[in-house]
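This report addresses protein–DNA contacts, a pocket and the cysteines. The sequence and structure are shown first.

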There are 2 protein chains.
Amino acid sequence: MSTLKYSRQRESIKVCLQGRKDHPTADMLYTDVRKEFPNISLGTVYRNLSLLSELGEIKRLTTGDGPDRFDGDTSTHHHFICRKCHCVTDLTMRDISEIKNVAAENFRGTIEDYSVNFYGICENCRNHPGNV
Amino acid sequence: MSTLKYSRQRESIKVCLQGRKDHPTADMLYTDVRKEFPNISLGTVYRNLSLLSELGEIKRLTTGDGPDRFDGDTSTHHHFICRKCHCVTDLTMRDISEIKNVAAENFRGTIEDYSVNFYGICENCRNHPGNV
DNA sequence: GTTTTTGCAAAGTATTTGCAAATGG
DNA sequence: CCATTTGCAAATACTTTGCAAAAAC
């Protein structure tokens, strides 16, 4: 296996992501990072996002609708995805990790992880049905 | 809105899907349905899978790895996805729908649905580490 | 006859990859 | 120096779409 080398681009991508509370796509981060590195390429953004999520320094969110999104907050939490405006927001809720044990009870493989997404209409879309 | 017309192709796609216990991709179903309709096009398969899942007659599964998969069983259940062979299997587990209420407690939008996926290593991959 | 669906091909979206040059250690 | 990373462009993977012909009703 190869040794990891520091890169200013990777660092910037990580800092940009951690400074945001939305859950940006690769392309949104590309726009952001280009302010600091105008010549960075989208390929580099994709490569580093994949690398960082393999290292566990960020999280990849697959919403089931459109491109993957990324989250700089790696602590255990779940997301709400609005089926109208497609925004992704953090949910503050009590621990539900017990569902992993429930799933493991009758299963003969090894369950290592789980992911939960909640879907519906966000507060903003419900209040402004005309938009988006 | 337009009225739905019967189509032999759509019927065949649905029957093929319901006859399988794996969770095939559009392309896998395409291969299958072509035995009955050698001239069917992949576009027709995609169109009908989207339509059927909008109608609630089948379910679309987004695994976060590779193409979407489809499930002819629309009853409430959850899935395990092997991170090695990427197989998708049904989990038999007790009801966890309470997590929807837990999520709704501190959230100001409307939660309509949720999806849970479990990840890890399936029994087969664990027993045959060399394969795949 | 009118509307919906199909097959085909082309286009669209998201992401990955090959390669020579640049950077990091 | 040698290994890794970059920028660029081309390639890939998956899915959707426009359109004329066929099928459904």
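## Polar contacts to DNA strand C

In this predicted model, a polar side-chain atom of A:Lys5 is placed 2.7 Å from a base nitrogen of DNA strand C. The backbone of the strand is also contacted: a polar side-chain atom of A:Tyr46 lies 2.8 Å from a phosphate oxygen of DNA strand C. From chain B, the side chain of B:Ser7 brings an N or O atom to 2.6 Å from a phosphate oxygen of DNA strand C.

Two or more residues of the surface near DNA strand C come from each of helix H3 (42-55) of chain A, helix H1 (8-18) of chain B and helix H3 (42-54) of chain B. Of the contributing elements, H3(A) gives the most, namely four residues.

## The protein surface near DNA strand C

DNA strand C is surrounded by 22 residues. The closest are A:Lys5 and A:Tyr46 of chain A, with B:Ser2, B:Lys5 and B:Ser7 of chain B. Sorted by class, the surface near DNA strand C comprises 10 polar, seven charged and five nonpolar residues.

On the DNA side, 71% of the atoms of strand C within 4 Å of the protein belong to sugar or phosphate, and the rest belong to bases.

## The second largest pocket

The second largest pocket has a volume of about 180 Å³. Its lining draws on both chains: A:Arg94, A:Asp95, A:Ile96, A:Glu98, A:Ile99 and A:Val102 take part, as do B:Arg94, B:Asp95, B:Ile96, B:Glu98, B:Ile99 and B:Val102.

Helix H4 (98-105) of chain A and helix H4 (98-104) of chain B each supply at least two residues of this lining. By class, the lining of the second largest pocket holds six nonpolar and six charged residues, with no polar residues.

## Cysteines and the absence of disulfides

How many disulfides does a search of the whole structure find over all chains? The search returns zero. For A:Cys85, the closest cysteine sulfur is that of A:Cys87, at 3.4 Å. A disulfide requires two cysteine sulfur atoms within 2.5 Å, so the sulfur of A:Cys85 is too far from that of A:Cys87 for a bond.

Is A:Cys16 buried or exposed? A:Cys16 has a relative accessible area of 16%; because buried means under 20%, A:Cys16 is classed as buried. A:Cys85, with 27% relative accessibility, counts as partly exposed.

Notes: Residues are numbered from 1 along each chain as its sequence is written. Chains are lettered from A and ligands numbered from 1 in the order in which they are written. This is a predicted model: local features need pLDDT of at least 70, side-chain atom pairs count only at pLDDT 80 or more; totals for chains, interfaces and linings use all residues. Side-chain values use heavy atoms; hydrogens and water are left out. Buried means under 20% relative accessible area, exposed over 50%, partly exposed in between (1.4 Å probe, protein chains only). A residue is near a molecule or strand if one of its heavy atoms lies within 4 Å of it. A polar contact is a pair of N or O atoms within 3.5 Å; within protein, one must be able to donate a hydrogen and the other to accept it, and residues adjacent in sequence count only if both atoms are side-chain atoms. Ala, Val, Leu, Ile, Met, Phe, Trp, Tyr, Cys and Pro count as nonpolar, Asp, Glu, Lys and Arg as charged, and the others, Gly among them, as polar. On a 1 Å grid over the protein atoms alone, a cavity is a set of points where a 1.4 Å probe fits but cannot get out, and a pocket is an open set with protein on both sides within 12 Å along at least five of seven lines; lining residues have an atom within 4 Å of a point. Grid points are joined across faces, edges and corners, and a volume is the space filled by probe spheres set on the points.
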